[in-house]
Amino acid sequence: PAHTSTMQNRMLKKYKSNLDKDEPIAVVIPGRVFRNEDLDARHEHTFYQLEGIYVDKGIHAGNLIATLKTFLQEYYGKELEVKTQPVYFPFTEPSFEFALSCPFCEKKGCNVCSYSGWIELLGCGMIHPNVLKEAGIDPNEYTGFAWGGGIDRIVMMKYDIEDIRHFESAKLDFLRQFS
């Protein structure tokens, strides 16, 4: 997700000294996103996103998937089915869409998951070698992964909120359930 990916370079440069001390670069970056989007139960034109990056020696796509799955299982408090599928993002290679089994219908199909049984939760991938080079990090010695996803969607799935548009609706009946 390019909306917060521009911060990768700043963070890689800022924390490059970690690598010299045999410590990884591990950063989570929040940002507000605006995009031209058709609104529906899962998509909003304005939302908040988290971008994460992790760089060290020997990092591979298995580390990326295991990290995301472990975090999400802790956050949701249950065992999850996850899947990835290839996609193009300009700052990662390879790049993936990361999906969870739909918690609303348990993979039976509903309007939230477009009757697929799965919800794409975030984009992710291995940090492109050129991104590492631009930050002064040797891609022959270090590798890393990056991910980015909407905070609203993660919260939506945890609290069984069936429509992401509720977050910006200012409806008191929706807001009062969290008091």
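1. Two strands are said to pair if DSSP finds at least two bridges between them. In this predicted model, strand 4, which covers residues 92-101, pairs with strand 5 in the antiparallel sense, over eight bridges. As an example of one such contact, T92 has I127 of strand 5 as its bridge partner.

2. Strand 5 also pairs with strand 6, which spans residues 143-150. This pairing is likewise antiparallel and runs over four bridges. Here the bridge partner of G125 is A146, a residue in strand 6.

3. How much of strand 5 is buried? Of the ten residues of this strand (residues 118-127), nine are buried, so strand 5 is largely enclosed by the rest of the structure.

4. The cysteines deserve a separate remark. A disulfide is a covalent bond between the sulfur atoms of two cysteines. How many disulfides does a search of the whole structure find? The search finds zero.

5. Why does C105 form no such bond? The cysteine sulfur closest to that of C105 belongs to C102 and lies 3.7 Å away, which is too far for a bond, because the two sulfur atoms would have to be within 2.5 Å. C105 itself counts as buried, because its relative accessibility is 9% and the limit for a buried residue is under 20%.

6. The reasoning for C110 follows a similar course. Its closest cysteine sulfur is in C102, at 3.8 Å, and this distance is too far for a bond. With a relative accessible area of 13%, C110 is buried.

How values were computed: Residues numbered from 1 in each chain as written. Predicted model: local features only at pLDDT ≥ 70, side-chain atom pairs only at ≥ 80, totals over all residues. Heavy atoms only, no water. Buried < 20%, exposed > 50% of the residue type's maximum accessible area, 1.4 Å probe, protein only. Helix = DSSP H or I, 4+ residues; strand = E, 2+ residues; numbered from the N terminus.
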